[in-house]
Amino acid sequence: MAVIGLILGSQAYVTIPLMPEIATAWGVEQSAAAWATSAFAIAYACGSLLSGPLAENYGRRTAIWTSLAALSLATLAVPLAGGQTGGLAMRAVQGLAAGVFAPVVYAYFGERLPAQRVALALTVVSCALGGTLVAGQLGAQLLESLFGWGAVFWVSAPLLAAGAVAARMVMLPDAPRDGGRAGGGFAFGNVLSSGRLIPLFVTALIVLGGVTAVYTGVQLYGPKSLGNPDAMFALRASALPSLLVAVLAAPKLAGIAPTRRAAGALALAGLGMGAAALAGDNTLVLGIALFAAMVGVATAGPALVQAVGGAAGADRATAIAVYSFLLNLGAGIGAQVPQATDVFTHLVLWIGLAFAAAIGLVVLAGRASNRAAAADKGRSEVPGAASVPAEAR
């Protein structure tokens, strides 16, 4: 599932290094080609919201393999679209199909894996998806340099088709659906009205939106030395080991409460953005700064998923779907943020301040969860309360 997620999620970011070639092929300005990233990300966010009803009605395995098959076909069609309108339409179809993956897989892990394996599974897949910001750009730049920009999609399409077959083979058969379950509207209402979840949802907008904005800004108006394709490739590659660092650190950090872990990781990401602002034209310093930022983001991702799931209780699947929607909506918005300024230093300073605000939101959510836990403990200590099932409370 991590390998499938890496290939699938990379589709969101392959268009960042391809912006000059896409702009030429579509006959538009390079800044307008940034919509190729936004169209995917916004549709991906919508696909995340649809994932809950699809999985409930048709089953987890069916939702995953059919969405991967649809993604494969849409990917094949992107370079054949012929212009901006058709190209953006195909990118939107890609995003809609890809958005189903993460929320359904996370819910599937919670239902099917032994409890002691769930945390590691979430971290591995979350880091694989988070790492696509770097891996997608690297793969796209390499394939474009060898075979042209269309090859990025023509190579990805059969890999995604193979992923659909593999998912169908590996995932356990769907359990019979319970026709008596309440409709999803109640779950969405509970999730959207939860005071403990709102700060985490706002944080989701900032996390992926921030790093997408920075890498888009690097492409559009980063240091002059990055005009060399080899230098740009090295800069992107320097952030890739951050995924391994996050996975290796996961078992050691597992004992820390999810909100505290997320706050610390976001602080590291914010410091990385601050260092990037001070880098000037020094690409070595910029690479180190972006590496630190990506370690923070890759560590914060699974911690936020765990925090959202814990705060949502019985509405876990719906809450994760909403979180995924906002996370990827943030990526779509982030691709457009660099249009607001043409000074890279200003951009990364804004993003650093946004991460500082995210830390405050996560701390707020953690305090709300602590108060709720204390209230639950107080009720359980009341004579007779212990006989009330936890689900009822």
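Trainee: In which helix is the place of L96?
Mentor: This is a predicted model, and the position is read from that model. The helix that holds L96 spans residues 84-98. Its name is helix α6.

Trainee: Is L96 buried, partly exposed or exposed?
Mentor: The relative accessibility of L96 is 38%. Buried would need a value under 20%, and exposed a value over 50%. Because 38% falls in between, L96 counts as partly exposed.

Trainee: L96 belongs to a nonpolar patch on the surface; about how much accessible area does the patch have together?
Mentor: The patch joins L96 with L50, L54 and Y58. Taken together, these residues have an accessible area of about 380 Å².

Trainee: Which helix gives the most to the nonpolar patch?
Mentor: L96 sits in helix α6, but another helix has the largest share of the patch. That helix covers residues 35-58 and supplies three residues. The one that gives the most is helix α4.

Trainee: How many helices are there in the protein as a whole?
Mentor: Strands can be set aside, since the protein has zero of them. Helices α4 and α6 have come up already. The full count of helices is 18.

Trainee: What percentage of the residues is buried?
Mentor: The protein has 393 residues. A residue is put among the buried ones when its relative accessible area is under 20%. The buried share is 50%.

Trainee: Of the contacts with a separation of 6 or more, what percentage comes from residues 24 or more positions apart?
Mentor: A contact here needs heavy atoms within 4.5 Å. Among contacts with a separation of 6 or more, those between residues 24 or more positions apart account for 84%.

Trainee: How far apart are the C-alpha atoms of V322 and S48?
Mentor: V322 is in helix α17, residues 316-334, and counts as buried at 5% relative accessibility. Along the chain, V322 and S48 are 274 residues apart. In space, their C-alpha atoms are separated by 7.2 Å.

Trainee: Is T203 buried or exposed?
Mentor: T203 is found in helix α12, which runs over residues 198-221. Its relative accessible area is 0%, and the limit for buried is under 20%. Therefore T203 is buried.

Trainee: The backbone oxygen of which residue lies 2.8 Å from a polar atom of the T203 side chain?
Mentor: The contacts of T203 outside its neighbours within four places in sequence are with L266, L304, A358, L361 and V362. The backbone oxygen in question is in none of these residues. It belongs to P199.

Trainee: What is the C-alpha to C-alpha distance between V202 and A358?
Mentor: V202 is also in helix α12, and at 34% relative accessibility it counts as partly exposed. V202 and A358 are 156 residues apart in sequence. Their C-alpha to C-alpha distance is 7.7 Å.

Trainee: Which residues does Q137 touch, not counting those up to four places away in sequence?
Mentor: Q137 has its place in helix α9, residues 132-147. At 0% relative accessibility, Q137 counts as buried. The residues it touches are Y13, I16, P17, T132, Y215 and R236.

Trainee: Where is V337 found?
Mentor: V337 is partly exposed, with a relative accessible area of 27%. Leaving aside neighbours within four places in sequence, V337 is in contact with A213 and L347. C-alpha to C-alpha, V337 and I351 are 9.8 Å apart. V337 is found in the loop between α17 and α18.

Trainee: With which residues is S225 in contact, leaving aside its neighbours within four places in sequence?
Mentor: S225 lies in the loop between α12 and α13, and counts as partly exposed at 36% relative accessibility. The C-alpha atoms of S225 and N282 are separated by 8.4 Å. The contacts of S225 are with A231, D281 and T283.

Trainee: How many disulfides does the count come to?
Mentor: C46 is partly exposed at 34% relative accessibility, whereas C127 is buried at 3%. A disulfide requires a pair of cysteine sulfur atoms within 2.5 Å. By this rule the number of disulfides is zero.

Note on methods:
Residues are numbered from 1 along each chain as its sequence is written. This is a predicted model: local features need pLDDT of at least 70, side-chain atom pairs count only at pLDDT 80 or more; totals for chains, interfaces and linings use all residues. Side-chain values use heavy atoms; hydrogens and water are left out. Helices (H or I, at least four residues) and strands (E, at least two) are DSSP runs, numbered from the N terminus. Buried means under 20% relative accessible area, exposed over 50%, partly exposed in between (1.4 Å probe, protein chains only). Patches are made of residues with over 30% relative accessible area and no salt bridge: like charges are joined within 9 Å, nonpolar side chains (Val, Leu, Ile, Met, Phe, Trp, Tyr) within 5 Å. Accessible areas come from the Shrake-Rupley method with a 1.4 Å probe; for residues, only the protein chains shown count as cover. A salt bridge is a side-chain nitrogen of Lys or Arg within 4 Å of a carboxyl oxygen of Asp or Glu. A polar contact is a pair of N or O atoms within 3.5 Å; within protein, one must be able to donate a hydrogen and the other to accept it, and residues adjacent in sequence count only if both atoms are side-chain atoms.
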